[in-house]
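Work through the exercises below with the sequence and the model at hand. Each task is followed by a solution in steps.

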Amino acid sequence: MHADGLAHPENYPDQAEAITDWFNTLGATFRGITTGPDDTVTPTLVMAVIRGLLFDLTTTSDRRRTDRALDRFCELLRQ
C-alpha cells in the first residue's frame, strides 16, 4: 500500500493520517521512552521500524530473521 501510495498519491488522500493517527496510541504505549505527551518522534520511529520490517519480510520472505529483528527492537525499547 505504501509503495502504491507513492506511485499514486491521488488514490490515498488520507495517507498521512494513516500514520499520524497512531501517534497518541503509540505515545501512550511507550510513555516510558517518550519525551512527553507532544512527542511525535518516538511514535514515528516505532512505526518506521515496523514498516521497514514488514517491507523486508514481504521482499525477502525471511520471517525468522525479521521476527528476530522485531524481538531485538522490543528488547531495546524495554531498556
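**Exercise 1. Charges.** In this predicted model, find how far apart the mean positions of the positive and negative charges of the chain are.

Solution. Start with the charges themselves: the chain carries 8 positive and 12 negative ones. Take the mean position of each group; the two means lie 13 Å apart.

**Exercise 2. Elements and extent.** State which elements the chain contains, in what order they run, and what the C-alpha trace spans.

Solution. Count the elements: the chain has five helices and zero strands. Read from the N terminus, the order is α-α-α-α-α. Then turn to the principal axes, along which the C-alpha trace spans about 40 × 35 × 15 Å.

**Exercise 3. Surface and contacts.** Determine what share of the residues is buried, how much area the chain exposes, and what share of the contacts joins residues 24 or more positions apart.

Solution. The chain has 79 residues, and 19% of them count as buried. The exposed area is about 6100 Å², with 58% of that area supplied by carbon and sulfur atoms. For the last part, consider the contacts with a separation of 6 or more: 26% of them are between residues 24 or more positions apart.

**Exercise 4. Ser61.** Locate Ser61, describe its phi, and decide whether Ser61 is buried or exposed.

Solution. Ser61 sits in the loop between helix H4 (41-60) and helix H5 (63-78). Its phi is positive, about 60°, although Ser61 is not a glycine. The relative accessible area of Ser61 is 61%. Exposed means over 50%, so Ser61 counts as exposed.

Notes
Residues are numbered from 1 along each chain as its sequence is written. This is a predicted model: local features need pLDDT of at least 70, side-chain atom pairs count only at pLDDT 80 or more; totals for chains, interfaces and linings use all residues. Side-chain values use heavy atoms; hydrogens and water are left out. Helices (H or I, at least four residues) and strands (E, at least two) are DSSP runs, numbered from the N terminus. Buried means under 20% relative accessible area, exposed over 50%, partly exposed in between (1.4 Å probe, protein chains only). Contact means heavy atoms within 4.5 Å. Accessible areas come from the Shrake-Rupley method with a 1.4 Å probe; for residues, only the protein chains shown count as cover. Lys and Arg count as positive and Asp and Glu as negative; His and the chain ends are not counted. The place of a charge is taken as NZ of Lys, CZ of Arg, CG of Asp or CD of Glu.
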